[in-house]
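User: I have a structure open here and would like to go through a few spots in it with you. Can we start with the ligands and then move on to the backbone?

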Amino acid sequence: MKLLNCSNAGAAGFGNRGRKRLYLVTFGCQMNEYDSQRIAQVLQEKYTLTSDADNADLILINTCSIREKAENKVYSLVGRFKKFKRQKPGLIIGIAGCVAQQEGDRLLKRLPFIDLVVGPHGIYGLPDMLRDIEKGTGPVLYTELKHDFSTPLISAPLPEPNPVQAFVTIMQGCDNFCAFCVVPYVRGREVSRPPDDILAEIRQILDEGVKEVTLLGQNVNSYGKKLNDDFSFPGLLRMVSETPGLERLRFTTSNPKDLCIDLMKCFRDLDALCEHLHLPVQSGSTTTLKRMNRHYTRDGYLATVDKLKSFCPDITLTTDLIVGFPGETDRDFEDTISLLKTVEFDQIFAFKYSPRPLTRAARFDDHIPEEIKAERLEAVFELQKEIGLSCYKSMEGRKEEILVEDTSKKNPKELRGRTRGNHVVNFPGPKELVGKFVTVKITKACYHSLRGEIYDTLKGEFQMNQG
Ligand code: SAH
Ligand code: SF4
Ligand code: F3S
């Protein structure tokens with residue numbers, strides 16, 4: 001799963017007449033990004049987003065605890081905000097998300113100047129919590145984990161002024177308990193969102209101009225297992241893909257152990273479903289996978305990839321992996337290297353193993369020294385640089401359908417969009433094309449992106465002004 005470094009939702013969206021200012025920082029995965037959008041929406045009556053922390057009335061940090069480094073970022077950031085509190089006594093500072101859930105009242109003790117600690121299941125209660133804080137009743141702590149996922153449909157528009165792509169969470173939590181992973185402890189048990197709520201939200205964002213929807217869950221393949229109607233994830237995909245106005249559909253994340261044939265067939269059968277799958281392998285060694293509690297083997301993973309390609313030969317594959325998991329021998333690591341050479345992923349997200357509170361692997365007694373983890377990570381990146389570049393080079397000369405997402409941050413005369421296979425493409429073009437589909441001829445491969453030139457506009461949506 002793609003992890004965002006850190007994003008700050010800038011001043012956008014709801015206008016700001018008479019409202020207070022919210023500075024919202026988001027760490028972590030797309031689920032946190034989605035939650036931050038909900039936070040902005042549930043607070044929109046009273047707060048408008050600002051990109052200036054020093055004039056904010058409310059600072060909220062939506063946190064991630066997946067690795068120690070992610071958690072530490074929170075402490076250094078929140079420390080910087082302490083002085084604002086002295087300058088502006090009415091300022092409210094809150095910590096939301098996975099570190100809030102994990103640490104609970106320890107955060108209030110460690111950072112006594114903060115006013116609010118709210119776990120991922122508490123975000124819809126934020127207006128009431130803030131009201132209490134404003135009344136002066138003292139700090140608020142909310143770390144309950146709920147057993148249902150029926151969220152109200154929020155009538156507020158998305159915080160971005162011109163949304164092109166949007167996330168929709170379809171389930172919360174995880175029941176897999178991979179030995180390294182903190183998610184089941186900070187997001188709770190797996191709960192599927194009712195299909196009608198999902199469809200209603202998708203219809204609403206398509207009305208706002210969204211063209212591409214990514215369905216989110218920590219393990220989307222088990223969607224529906226606990227719903228009464230015996231609803232499956234492929235069933236949900238089929239239903240969603242028929243929504244009028246939906247041009248592109250993606251989902252993340254899939255655990256390889258549950259990737260069924262029916263889901264593979266969706267890549268062949270559903271026009272809207274883009275030809276990209278993020279399929280985290282974590283390790284190429286069957287021994288390590290077993291100790292990780294992943295419930296598949298190296299050969300099983302490779303067979304899944306082969307089968308998937310038989311339904312969708314051009315599918316782009318990306319993955320996550322961990323190096324230096326406790327007990328990982330040189331031989332185990334070689335198995336990871338050889339798996340990378342066999343599958344040839346377009347992109348990988350690789351991490352040094354980081355022990356997490358409450359997880360099983362943190363209690364294993366054969367931890368790998370930091371310098372070996374660093375060497376292994378470096379070796380993985382070196383190899384993947386070559387593999388990734390050759391995947392991207394194979395696209396040179398091809399004509400690809402691009403959904404234009406934005407202008408380039410570096411050069412306003414350039415546009416940025418993505419192929420159906422999820423490759424980022426930069427190319428010269430007018431900003432009026434943002435939100436439109438164009439055919440782009442790929443001219444050059446870079447490490448994590450492509451360059452191109454407009455070949456044609458697509459779907460009759462936009463006629464370029466040639467004059
Ligand atoms: N639900 C997803 C994983 C989400 S966490 C899945 O099952 O694939 C995103 C990624 O962070 C994981 O795929 C894993 O590669 C990495 N990760 C999780 N816990 C970690 C840890 N303790 N140390 C290092 N990397 C970790
Ligand atoms: Fe974590 Fe495993 Fe669940 Fe993914 S499937 S969130 S890695 S416990
Ligand atoms: Fe996501 Fe990080 Fe929480 S990866 S689920 S924000 S621990």
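User: Which residues are around ligand 2?

Analyst: Keeping in mind that this is a predicted model, the residues around ligand 2 are Cys-174, Asn-176, Phe-177, Cys-178, Phe-180, Cys-181, Val-183, Pro-184, Gln-218, Asn-255 and Arg-294.

User: How do the residues of that shell around ligand 2 divide into nonpolar, polar and charged?

Analyst: The shell around ligand 2 divides into seven nonpolar residues, three polar ones and one charged one. The charged residue in that list is Arg-294.

User: And where does ligand 2 sit?

Analyst: Ligand 2 sits in the largest cavity, and the largest cavity is also where ligand 3 sits.

User: OK, ligand 3 then: which residues come nearest?

Analyst: Nine residues surround ligand 3, and of these Cys-29, Cys-64, Ser-65, Cys-98 and Gln-218 come nearest. Gln-218 also belongs to the residues around ligand 2. By class, the shell of ligand 3 has five nonpolar, three polar and one charged residues.

User: Back to Phe-177 for a moment, what is its phi?

Analyst: Phe-177 has a positive phi of about 50 degrees, although Phe-177 is not a glycine. This residue is found in the loop between β9 (171-172) and α6 (183-187), and with a relative accessible area of 27% it is partly exposed.

User: Which other residue has a positive phi although it is not a glycine, and is that one buried or exposed?

Analyst: Leu-358 has a positive phi of about 75 degrees, again without being a glycine. Leu-358 is exposed, with a relative accessible area of 52%, and is found in the loop between β15 (347-352) and α13 (370-393).

User: Where is there a cis peptide bond?

Analyst: A cis peptide bond joins Thr-252 and Thr-253, with omega at about 10 degrees. Thr-253 is found in the loop between β12 and α9.

User: Since you mention α9, which of its residues are buried?

Analyst: In helix α9, which spans residues 261-269, the buried residues are Leu-263, Met-264, Cys-266 and Phe-267. They are on the same side of α9, because they cover an arc of only 145 degrees around the axis.

User: And what covers those buried residues of α9?

Analyst: The cover over the buried residues of α9 includes the helices α8 (233-241) and α11 (298-311), together with the strands β12 (248-252) and β13 (276-278).

How values were computed:
Residues are numbered from 1 along each chain as its sequence is written. Chains are lettered from A and ligands numbered from 1 in the order in which they are written. This is a predicted model: local features need pLDDT of at least 70, side-chain atom pairs count only at pLDDT 80 or more; totals for chains, interfaces and linings use all residues. Side-chain values use heavy atoms; hydrogens and water are left out. A residue is near a molecule or strand if one of its heavy atoms lies within 4 Å of it. On a 1 Å grid over the protein atoms alone, a cavity is a set of points where a 1.4 Å probe fits but cannot get out, and a pocket is an open set with protein on both sides within 12 Å along at least five of seven lines; lining residues have an atom within 4 Å of a point. A molecule sits in a cavity or pocket if more than half of its atoms lie within 2 Å of its grid points. Buried means under 20% relative accessible area, exposed over 50%, partly exposed in between (1.4 Å probe, protein chains only). Helices (H or I, at least four residues) and strands (E, at least two) are DSSP runs, numbered from the N terminus. The arc is that of the directions from the helix axis to the C-beta atoms. Contact means heavy atoms within 4.5 Å.
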